[in-house]
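Me: Please take a close look at how one pair of helices packs. Then carry on to the individual residues that deserve inspection.

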Amino acid sequence: MYVSMKNMLEKAKNENYAVMAINCFNLETARSVITAAEKENAPIIINLFQDHLLYHCDSELITPIVKTLANRSKINVALNFDHGQEVIDLKKAIDDGFSSVMCDASRFGLEGNIAQTKEIVNYAHPKGVSVEGEIGCIGAVEGEQYTSDSMYTDPDEALKFVTQTGIDALAISIGSSHGTYPDGMVPDFDFDRLKKIKSMINIPLVLHGGSGSGEKNILNCVKYGINKINVGCDFMTANINSIKSSLKKNPDITFFDIIENFEKESIELVRYYIQLSGSSNKNL
């Protein structure tokens, strides 16, 4: 079933678990993620990162694909524009049928962030589309531009942001970074900050940069109030590793068989994260 994130994340908030949001970019990645969720009887969010959406698989193309897969399934599936920065692109995704969008206007400062996010909320809600906003800033592993303490979410700003925008979910920064961490590195999370934000804000909270965060961090995030967890790099790495393995075993393998193999093999990585998030058997 094709749905927005709103109800699935409200249920997650009320029952203290998280829904996984996996970054996809085509039929095969979306299908493998939905298949994994079906095996776990879990709701799932298909994330489309801005660059992938704009330069590889646009909203007119990906929306009917995900809608068809969702409507063939018994689980709830949302399609979310991840880190949409421009109003024109966010509104186009909504018009083309995305069920949810994440408005990333944190670069404009608090007041600018509020203004742009509120504009998207006012455009999306009448169409039944849910909106995620972000307060704080999440760095990247690439170039060692990790999230610093100064980039963490300020609880008071978060409260003002939620109150004035009317968003459905809030992405916060507590120590994760986008990308794949160096071997052996596990980020330190500020769980006291998470607990304080949770005590002040009564909407679902979101963790970006879930890849490589470590089991303990993920479990504690769920325990202390995170209701949506974004994972991209770990899923893409599973796909790459499957392709490398297929070619090593059989250099003459067909492209079709490579694709079929990576769909089957990447399912287990998604199931692992679903189990960590606590969303197994939580489909409505």
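Reply:
**A helix pair, then single residues**

Helix 10 crosses helix 11 in a right-handed way (the near helix is turned clockwise from the far one by less than a right angle; anticlockwise would be left-handed). The model is predicted: local features need pLDDT of at least 70, side-chain atom pairs need 80 or more, and totals for chains, interfaces and linings use all residues. Residues are numbered from 1 along each chain as its sequence is written, and side-chain values use heavy atoms, without hydrogens or water.

Helix 10 spans residues 233-249 and helix 11 spans residues 255-277. Their axes lie 8 Å apart, at an angle of about 140° (lines fitted to C-alpha atoms over the stretch in contact; angles run from 0 to 180 degrees between N-to-C directions). The two helices are therefore oblique to each other (not under 35 degrees, over 145, or 65 to 115, which count as roughly parallel, antiparallel and perpendicular).

Which residues make the contact? Helix 10 supplies Asp234, Phe235, Ala238, Asn239, Ser242, Ile243, Ser246 and Leu247. Helix 11 answers with Ile258, Asn261, Phe262, Glu265, Ser266, Leu269, Val270 and Tyr273. Contact means heavy atoms within 4.5 Å.

Beyond helix 11 sits asparagine 281, in the segment that follows this helix. Its phi is positive, near 60°, and the residue is not a glycine. Asparagine 281 is exposed, since its relative accessible area is 59% (exposed is over 50%, buried under 20%, partly exposed in between; 1.4 Å probe, protein chains only).

Asparagine 41 also has a positive phi, near 50°. Asparagine 41 lies in the loop joining helix 2 (27-40) to strand 2 (44-49). Its relative accessibility is 32%, so asparagine 41 counts as partly exposed. Isoleucine 44 belongs to a crowded list of contacts, with residues up to four places away in sequence left out. Its partners include Met8, Val19, Met20, Ile22, Val33, Ile34 and Ala37. Ile75, Asn76, Val77, Ala78 and Ile274 are also among them.

Met8 appears again in helix 1 (residues 5-15), where the buried residues are Met5, Met8, Leu9, Lys11, Ala12 and Lys13. At the start of helix 1, a side-chain oxygen of serine 4 comes within 3.2 Å of the backbone nitrogen of lysine 6. After helix 1 comes asparagine 16, with a positive phi near 60°.

Now threonine 165, in helix 7 (residues 155-165). Threonine 165 is buried, because its relative accessible area is 5%. Its side chain makes a polar contact with the backbone oxygen of phenylalanine 161 at 2.7 Å (N or O atoms within 3.5 Å, one able to donate a hydrogen and the other to accept it within protein; residues adjacent in sequence count only if both atoms are side-chain atoms). The same side chain reaches the backbone nitrogen of isoleucine 167 at 3.5 Å. Excluding residues up to four places away in sequence, threonine 165 touches Ile114, Thr117, Lys118 and Val121.

Serine 213 sits in the loop between strand 7 (205-207) and helix 9 (215-223). Helices (H or I, at least four residues) and strands (E, at least two) are DSSP runs, numbered from the N terminus. Serine 213 is buried, because its relative accessible area is 0%. A polar atom of its side chain lies 3.2 Å from the backbone oxygen of glycine 209. With neighbours within four places in sequence set aside, serine 213 contacts Ser176, Tyr181, Val186, Pro187, Phe189 and Ile218.
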